[in-house]
Structure formats: structure tokens, C-alpha cells
Amino acid sequence: MRNLSFKMNWISVVMLLSLALNFFAIGFLYAGHKAKEIRMTRLSFDNSISKIVEPFPRSGKREFYVTMKSKRSDLIPIYREIMAQRGAIMDIIAEEQFDPEKFRLAMEEYRNKYHSMVVESQNVMIQVLEKLPLEERTAILERYKNPPERSYRRRGDDRRRDVDRRRMSEGSENSRGQRGF
């Protein structure tokens, strides 16, 4: 009888370890999926575009990010040109004798490169939105107007959350829906 009890305890331990290993594997795979989604978000290179895509339905977001990922090989050279142009602008700023005309031309070139990258993101967004029915597009507006509350790392610290709520209420008091920041 004692031998049977020992076997049952051993089997219980093995089953518990197996269950723990399964939970770890599932968590690892889910974390990898979320990390991939975050990386795909960065492919749009523009935070303002990502903020527009944020209230899209999950399928729309996925299609947007997958399409952007497929265009990544086209967008990365543009992004590198933008970063190089930023460096050139900083060099112009740091020159001993500041030349406003040279700075204007560099900024115009920067704006044109940046615009070409954003246009690609906007075209993808149009492709995704064309496929969505009216109900889903209306739901996007509702999610935009009523975003989910953000969770903060320190749950006990409600000061930041209270500041955000005050800002939102001040913004809603302004005319024409403009925020009061």
C-alpha cells in the first residue's frame, strides 16, 4: 500500500510539472505573438498613423500591419533617408554660421521624404477601410471616442489616472470638441 501511495505522489508531481510546463509554453507563445504585433506596429514608422489604426477591429489592424510588413522592404530605405536627412539638418543647425535658406531647403527635403512614407501607410489604410462594412466603421468611431482606460504599472497610484481624467474633462468643456491641452 505504501508503494502505491509513493507512486501516486510521484505521478501527481509529474502531472503538476507537466501542467506548469504547458502554461509556460502557452505564455511564451502568446508573448511572442504580442511582441510580433508590437514590432509590426512600428512598421508604420509614424505614431499618428498608429493612433488612427488603434481603434480598428482586430482583423483590420492585422491586415494593416501584415500589409505594412510586406511593404517593409520598400519603406526601410525611405526611413533610412529620413534619418540621414535628420542628421543633415542637425549639421546645418550646428554650423558656425547658420544659413536659414539652407535650413529651409533641408527641411523641405525632409518633409517630402517623410510624406512619401506616410502616403504608403495611408494607402494601406484606405485598402483596409474599403473592405469594412458600415457597422465596423461606425464601431471604429465609437472606440475612438471612448477608448479603453489605460492601465498603469502601479495600480495603487491613481494620481496619473486622475490627471488624465481632469484633462479629458477639460477638453470636453471646450467648444467644438477641441481638447484644452
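How accessible is Lys102, and does Lys102 count as buried, partly exposed or exposed? At 37% relative accessibility, Lys102 counts as partly exposed, and the points below place that residue within the wider picture of this predicted model.

1. Overall make-up. The secondary structure of the chain consists of seven helices and zero strands, so that, since only helix runs enter the description, the order along the sequence reads α-α-α-α-α-α-α. The chain has 181 residues, and buried residues account for 20% of them. Its accessible surface is about 14,600 Å², and carbon and sulfur atoms contribute 57% of that area.

2. Contacts along the sequence. When contacts between residues at least 6 apart in sequence are considered, 61% of them join residues at least 24 apart. The following points include several pairs for which the separation along the chain can be set beside a distance in space, and a new reader may wish to locate each of them in the structure above.

3. Helix α3 against helix α4. Helix α3 covers residues 58–70 and helix α4 covers residues 72–94, and their axes come within 5 Å of each other while crossing at roughly 70°. Because an angle from 65 to 115 degrees counts as roughly perpendicular, α3 is described as roughly perpendicular to α4. The residues that meet are Met68, Lys69 and Ser70 on the α3 side, and Arg72, Ser73 and Leu75 on the α4 side.

4. A salt bridge between helices α3 and α5. The structure holds six salt bridges, and one of them joins Lys131 to Glu63, with the closest N and O atoms 2.7 Å apart. This pair links distant parts of the chain, for Lys131 is in helix α5 and Glu63 is in helix α3, 68 residues apart. The two partners fall into separate accessibility classes: Lys131 is exposed, with a relative accessible area of 59%, whereas Glu63, at 27% relative accessibility, counts as partly exposed.

5. The salt bridge of Lys102. The residue of the opening question has its side chain in a salt bridge with that of Glu95, at 2.9 Å from N to O. Glu95 is partly exposed, with a relative accessible area of 29%, and Lys102 is likewise partly exposed, at 37%.

6. A salt bridge inside helix α5. Glu101 and Arg104 also meet through their side chains in a salt bridge, here at 3.2 Å from N to O. Both residues lie in helix α5, three residues apart, which is about one turn of the helix. Glu101 is partly exposed, with a relative accessible area of 44%, while Arg104, at 52%, is exposed, a class that is assigned because its value is over the 50% limit.

7. Further residues of helix α5 and their spatial neighbours. Helix α5 covers residues 100–131 and includes Tyr114, and Met107 and Ile126 are found in that helix too. What separates Tyr114 from Glu81 in space? Their C-alpha atoms are 9.0 Å apart, although the two residues are 33 residues apart along the chain. For Met107 and Arg86, which are 21 residues apart in sequence, the C-alpha to C-alpha distance is 8.7 Å. For Ile126 and Phe64, which are 62 residues apart along the chain, the C-alpha atoms are separated by 9.5 Å.

8. Accessibility of those three residues. Tyr114 counts as partly exposed, at 27% relative accessibility. Met107 is also partly exposed, with a relative accessible area of 29%, and Ile126 is placed in the partly exposed class with a value of 47%. Since partly exposed covers the range between the 20% limit for buried and the 50% limit for exposed, Ile126 is not classed as exposed at its 47%.

9. A nonpolar patch on the surface. Which residues make the nonpolar surface patch of about 440 Å²? The patch is made by Leu16, Leu19, Phe23 and Ile26. Ile26 has its place in helix α1, which covers residues 2–42, and Ile26 is exposed, with a relative accessible area of 54%. A residue enters a patch of this kind if it has over 30% relative accessible area and no salt bridge, and the 54% of Ile26 therefore satisfies the area condition.

Conventions:
Residues are numbered from 1 along each chain as its sequence is written. This is a predicted model: local features need pLDDT of at least 70, side-chain atom pairs count only at pLDDT 80 or more; totals for chains, interfaces and linings use all residues. Side-chain values use heavy atoms; hydrogens and water are left out. Patches are made of residues with over 30% relative accessible area and no salt bridge: like charges are joined within 9 Å, nonpolar side chains (Val, Leu, Ile, Met, Phe, Trp, Tyr) within 5 Å. Accessible areas come from the Shrake-Rupley method with a 1.4 Å probe; for residues, only the protein chains shown count as cover. A salt bridge is a side-chain nitrogen of Lys or Arg within 4 Å of a carboxyl oxygen of Asp or Glu. Helices (H or I, at least four residues) and strands (E, at least two) are DSSP runs, numbered from the N terminus. Buried means under 20% relative accessible area, exposed over 50%, partly exposed in between (1.4 Å probe, protein chains only). Axes are lines fitted to C-alpha atoms, for helices over the stretch in contact, and angles run from 0 to 180 degrees between N-to-C directions. Angles under 35 degrees count as roughly parallel, over 145 as roughly antiparallel, 65 to 115 as roughly perpendicular and the rest as oblique. Contact means heavy atoms within 4.5 Å.
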